[in-house]
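Student: I've got a model open and would like to talk through some of its strands and helices. Can you take my questions one at a time?

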Amino acid sequence: MYRILIADDEGLMLEAFKGVILAEFGDKCSVETAKTGRAVIEKAETFHPDIVFMDIDMPGRNGIEASRALRERNQSIVLLFVTNLAQYAIAGYEVDALDYILKPINYFSFKLKIQKALETVRRVQGTLLTIASDHGQQLVRDSEIFYIEVQGHNLIYHTLHGDLTATGTLKQIEAQLKPSGFYRCNYCYLVNLRHVGFLDGSEVTVGQYKLQISRNRRKEFLQQLTQFYGRGGR
């Protein structure tokens, strides 16, 4: 579930925002609200939002100040500013806001902004995978996987939290993860392109690992890497 926090000092606006999100994306989102900048900070401490729709003009600590405080605590939160004055939206660059929404809100436009925010979270945080490893069912985000290696009938998932061994085929997991930016550099390795650091001849550095790129896959692997980062891959 994606966690969305809506900050606005207008009660009717809060309920309208919340209603649209739950009506369109209620099966994948949980929503909390806040009416002041202080309440945003307090709520974020316990709710841990993935996305914040932040009204700029709020009493006490305004949306810009609250956003700075959020950024100090969490760099990955997706921020979208809500304002009735377009010039205020420029301040969003200070806190790396994804976008801004002008009041009065257009339903279709707002829906597109939500979709954009959800896709950004999915790309940054990754999709949660269930891996039937030799230690039982393990939950791992695809963004936390460096690469997957095939050894006989086993798959070795090299992750931020250590290695996991599971049964399966690289072909099956490749079909599942290719839309998330995974691509083979040779027959044995399925690489998470977001973790590629360096390319040196026939060798690619993935996190702390150095892997060989096969000659027949090199050209297409480089093309996929270029396209991934050209789309803003992270």
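Student: Along strand E15 (residues 209–212), which side chains point to one face and are buried?

Tutor: Quick note: this is a predicted model, where local features need pLDDT of at least 70, side-chain atom pairs count only at pLDDT 80 or more, and totals for chains, interfaces and linings use all residues. Residues are numbered from 1 along each chain as its sequence is written, and side-chain values use heavy atoms, leaving out hydrogens and water. Strands (E, at least two residues) and helices (H or I, at least four) are DSSP runs numbered from the N terminus, and buried means under 20% relative accessible area with a 1.4 Å probe, protein chains only. In E15 the side chains alternate: Lys-210 and Gln-212 point to the other face and are not buried, so the buried ones are Tyr-209 and Leu-211.

Student: Which strands stand at the edges of the sheet?

Tutor: Three strands form an open antiparallel sheet, E13-E14-E15 in order, with pairing meaning at least two DSSP bridges between two strands. Each edge strand has a single partner strand, so one side of it is left without a neighbour in the sheet; these are E13 (196–200) and E15.

Student: What stands opposite Lys-210 of E15?

Tutor: Look at E14 (residues 203–206), which runs antiparallel to E15 and is joined to it by four bridges. Opposite Lys-210 stands Thr-205.

Student: Which residue takes a positive phi in the hairpin of E14 and E15?

Tutor: That hairpin has two residues between the strands. The one with a positive phi, near 60°, is Gly-207.

Terms used. Buried < 20%, exposed > 50% of the residue type's maximum accessible area, 1.4 Å probe, protein only.
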